[in-house]
Number of protein chains: 2
Amino acid sequence: MATTEKASPRDRLLDATARLAYRDGVSVGIEALCRAAGVSKRSMYQLFDGKDAMLAASLERSIPWYEAQLAHPHPETATPRERILHVFERLARASLDADYHGCPYLAVLVELKDPEHPASAVARGVKERLAAHFRADAEQGGARDPELLARQLLLVFDGASARAGAGVERLDDGLATAMVTTLLDAAGMR
Amino acid sequence: MATTEKASPRDRLLDATARLAYRDGVSVGIEALCRAAGVSKRSMYQLFDGKDAMLAASLERSIPWYEAQLAHPHPETATPRERILHVFERLARASLDADYHGCPYLAVLVELKDPEHPASAVARGVKERLAAHFRADAEQGGARDPELLARQLLLVFDGASARAGAGVERLDDGLATAMVTTLLDAAGMR
């Protein structure tokens, strides 16, 4: 999401917020965001209610890109098991990026510690949608308890992303996918 | 860790740092910490190099308490499997606390995004020590690959603590312990 000269002040603010909040944390100051975006604070306040709203909007804007990253390229021909494993293969690949700091939505939830924050609501929605995908795949694959399996998979996803993002774990040897395979097998999934 | 009138300025600062960084995040300001501790900034700088050092010291100080929480009360008579499961039972119990925001050491790693930060080093040490415990138990229990099993268990631990801490998951139905049982069985652990 490179900022071009032609990008609108709104887009420049959302770019800067997404980039700096991910790199430095949600406590990044509003002055730093406006400076990075090349937008005055006055103009910012004409576009957004404040930093909270801007953070929520920046997270909301990345959802289509984020979900496309995790989606299987051929969902119709892939098996439910392949669709689930693909999510964890993408996670492992993403974690190799030098700038990787884990799932941006989990990071925001951990950092804000406030379920009422508008950005927490966006992040929660992303997690719930991923759980719904896992649940649907689990059902289609004949898992004994699709709801439980989906919760287990989210826990692996968030644990893997938090640990790899914090630099205390590596996923490129298939750590998470092997765990997921064990859980899928134990759940009786085809 | 209640602050009493008799606690030293150093202890009051460490109490305030532990409490506020856990509740509000590591970005809590140095003024807020000094105010909560009832210690002047000048006195604080006579005791610590700054907020980074104070945060690291506060995390360091809680390690014995934290590790005692997770340790089995009768480690000699418990089986390795029981010792491992106990950690996840304690995690599930801790997550019921209204003020629970997940593992404080994981939170610091996620929030700081800086492996060089002195507090990150403390947090990493806690995670490495927990992994070493898991590895030793896995070896004693005859797991096929103790190192791999320990990494899997840490991933479950951190995923569970991050999700429960963020309020997007509940652990009181045994979600994490059931996953761990599946992983222990799959690893050939007695």
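**Two chains, one axis**

Student: What makes a rotation of 180° the operation that superposes chain A on chain B?

Tutor: The fit is by least squares on C-alpha atoms of residues with pLDDT of at least 70 in both copies. It gives a rotation of 180°, 0.0 Å of shift along the axis and an RMSD of 0.0 Å. The two copies are therefore related as by a two-fold rotation axis. In chain A, G159(A) has the C-alpha nearest that axis, 1.7 Å away.

This is a predicted model: local features need pLDDT of at least 70, side-chain atom pairs 80 or more, while totals for chains, interfaces and linings use all residues. Residues count from 1 along each chain as its sequence is written, and chains are lettered from A in the order written.

Student: How do you know that the same surface serves both copies?

Tutor: Residues are in contact if their C-beta atoms, placed from the backbone, lie within 7 Å. The contact takes 35 residues from chain A and 35 residues from chain B. Of the contact residues of chain A, 100% recur in chain B.

Student: Which helix of chain A gives the most to the side that touches chain B?

Tutor: Helix 9, with 11 residues. Helices are DSSP runs of H or I, at least four residues, numbered from the N terminus.

Student: Why is the set around L153(A) called a nonpolar core?

Tutor: Such a core is a set of buried Ala, Val, Leu, Ile, Met, Phe, Trp, Tyr and Cys residues joined through C-beta atoms within 7 Å. Buried means 20 or more other C-beta atoms within 10 Å of the residue's own. The largest such core has 118 residues, and L153(A), V180(A), L153(B) and V180(B) have the most contacts inside it.

Key. Contact = placed C-beta atoms within 7 Å. Helix = DSSP H or I, 4+ residues; strand = E, 2+ residues; numbered from the N terminus. Buried ≥ 20, exposed ≤ 12 C-beta atoms within 10 Å, placed from the backbone.
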